[in-house]
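Here are some worked exercises on packing. Have a go at each one before you read its solution.

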Amino acid sequence: MRQLLPVILIAVTFIASRAETGYYPSTINGLKGAELKAAVAQTIASHRQIASTAELKQLLTGIDAAPDGSITAVFDESPLNMVNDYVGVLNPAHYGDSSPYMMQLSYDLHCIVPCTSATHDAIADYPPDIVTTTNAGNNALKVGLAIIDGIATNAYEPTDSVKGDVARMIMYAVTCYSGYKWQGRALNIINGGAYPTLNRHGITLLLEWHRADAVSQREKKRNDAIYSVQGNRNPFIDFPELAEHLWGTKTDEPFSIEGTSDPHPSEPDTDGKLKSTYSKTSDSTIVLATPFVSANAEWSIDGTKCTTPTIDVASLALGRHILRFKTTILSGRITIEIVP
């Protein structure tokens with residue numbers, strides 16, 4: 001029986017800062033092809049392992065929370081009231097790999113989204129593709145038959161507005177877990193561990209979706225939130241052109257972090273919620289709460305334990321500060337900046 005977790009009602013919604021300076025090492029600069037993919041994989045593979053299904057659902061409840069407290073579910077036509085199930089864009093539990101990669105990928109927040117139980121069961125172990133004959137689904141998802149290399153196979157197709165999201169999740173998965181022994185229906189889009197990992201059909205499909213559906217603000221916020229609790233980022237959200245360097249029109253060109261667009265700047269906050277930048281002129285208080293962290297969490301700022309649930313902005317020096325939180329099941333950090 002699947003466990004049901006109630007929505008955690010906390011006073012603020014989390015808006016994280018940009019990727020911290022130095023997360024992507026300068027050694028990535030100048031690389032291309034297999035060497036570039038391996039270097040990116042080494043960077044993102046080091047991350048915290050989510051410990052249990054219960055923790056995973058608790059984190060998804062906060063990470064995918066909308067301002068009204070509902071849960072955004074990209075494969076369902078309506079928001080959810082609670083995270084009663086979830087699904088991976090590539091479901092490793094059905095691919096038969098007994099290596100540690102299976103558990104890691106199964107619990108990797110970058111590859112998983114909340115959904116209804118009906119959606120979970122409909123997607124099953126199917127790969128993404130263009131569905132030509134629909135057998136199940138809703139206004140946000142089609143499940144049915146797709147034609148891959150002239151052969152009809154079961155597949156799922158998300159709505160156009162999130163096809164890029166799905167493509168970038170899969171690009172992350174095949175980069176972070178290059179050593180995974182891909183089997184079953186995954187082989188409709190994946191060759192194996194060696195570069196380029198994606199097969200010809202997978203490259204064509206995912207690049208098409210990636211190009212047609214640009215990175216959204218929701219994706220950027222989600223990437224930041226996952227970074228705060230899992231400790232790694234999806235580089236295809238931070239640097240969309242990385243996909244072109246690995247599989248597209250720039251495979252012969254060296255990649256450079258300095259030569260690509262900056263991971264998104266911190267967005268202004270208009271409703272007083274926890275945010276990445278505070279002004280001594282216009283802000284007075286920092287509230288120590290986020291929807292993915294329980295209300296009884298312990299907080300500290302720059303190594304000093306917080307004894308109250310708020311911090312006076314005026315008490316902090318200009319510049320960047322590190323907030324750390326800890327509960328019985330998770331810990332993480334959030335970078336904020338104080339400006340004049």
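## Rings, cores and helices

R233 sits over the face of Y227, 5.0 Å from the ring centre. Keep in mind that the model is predicted.

**Exercise 1.** Find the aromatic cluster that takes in Y227, and list its members.

*Solution.* Start with the total: there are seven aromatic pairs in the structure. Take Y23 and Y24: their ring centres are 4.8 Å apart and their planes make 85 degrees, so this pair is edge-to-face, given that anything over 60 degrees counts as such. Both of these tyrosines are buried. Next, go from Y24 to F239: here the centres are 5.1 Å apart and the planes are at 70 degrees, so we again read edge-to-face. Put together, the cluster consists of Y23, Y24, Y227, F239 and F255.

**Exercise 2.** Work out which parts of the chain the Y24–F239 pair links, and whether Y24 and F239 are buried or exposed.

*Solution.* First place the two residues. Y24 belongs to the segment before α1 (33–45), while F239 is in the loop between α8 (235–238) and α9 (242–247). That puts them 215 residues apart, so the pair links distant parts of the chain. Now check accessibility against the cut-off, which is under 20% for buried. Y24 comes in at 12% relative accessibility, so it counts as buried. F239 has 3%, so it is buried too.

**Exercise 3.** Describe the largest nonpolar core: how many residues does it have, and which elements supply it?

*Solution.* Count first: the largest core has 55 residues. Then look for the hubs: F75, Y156 and W247 have the most contacts inside it. Now go through the elements. At least two residues each come from α1, α4 (117–123), β4 (141–148), α5 (163–176), α6 (200–212) and α9. The top contributor is α5, with nine residues. To see one hub up close, pick Y156 and skip its neighbours within four places in sequence: its contacts include F75, V89, I123, Y126, L141 and V166. Finally, don't miss the second, separate core, which has 31 residues, among them I71, Y107, I286 and I336.

**Exercise 4.** How do α1 and α5 pack: what is the angle between their axes, and which residues meet?

*Solution.* Two packed helices are described by the angle between their axes and the distance between the axes. For α1 and α5, the axes come within 8 Å and cross at roughly 95 degrees. Angles of 65 to 115 degrees count as roughly perpendicular, so that is the label for α1 and α5. At the contact, α1 brings K37, V40, A41, I44 and A45, and these meet Y172, V174, T175 and C176 of α5.

**Exercise 5.** Look up A297 and S300: where is each one, and what is each in contact with beyond its neighbours within four places in sequence?

*Solution.* Begin with A297, in the loop between β7 (285–287) and β8 (298–301). Its relative accessible area is 12%, so A297 is buried. Leaving aside its neighbours within four places in sequence, A297 is in contact with K326 and T327. As a further check, the C-alpha atoms of A297 and R324 are separated by 9.8 Å, with their positions 27 residues apart along the chain. Now move to S300, found in strand β8. With a relative accessible area of 15%, S300 is buried as well. Setting aside its neighbours within four places in sequence, S300 is in contact with K305, C306, I322, L323 and R324.

Technical notes: Residues are numbered from 1 along each chain as its sequence is written. This is a predicted model: local features need pLDDT of at least 70, side-chain atom pairs count only at pLDDT 80 or more; totals for chains, interfaces and linings use all residues. Side-chain values use heavy atoms; hydrogens and water are left out. Rings of Phe, Tyr and Trp (its six-membered ring) pair if their centres lie within 6.5 Å; planes under 30 degrees apart count as stacked, over 60 as edge-to-face and the rest as tilted. Buried means under 20% relative accessible area, exposed over 50%, partly exposed in between (1.4 Å probe, protein chains only). A charge sits over a ring if NZ of Lys or CZ of Arg is within 6 Å of the ring centre and within 35 degrees of the ring normal. A nonpolar core is a set of buried Ala, Val, Leu, Ile, Met, Phe, Trp, Tyr and Cys residues joined through side-chain atoms within 4.5 Å. Contact means heavy atoms within 4.5 Å. Axes are lines fitted to C-alpha atoms, for helices over the stretch in contact, and angles run from 0 to 180 degrees between N-to-C directions. Angles under 35 degrees count as roughly parallel, over 145 as roughly antiparallel, 65 to 115 as roughly perpendicular and the rest as oblique.
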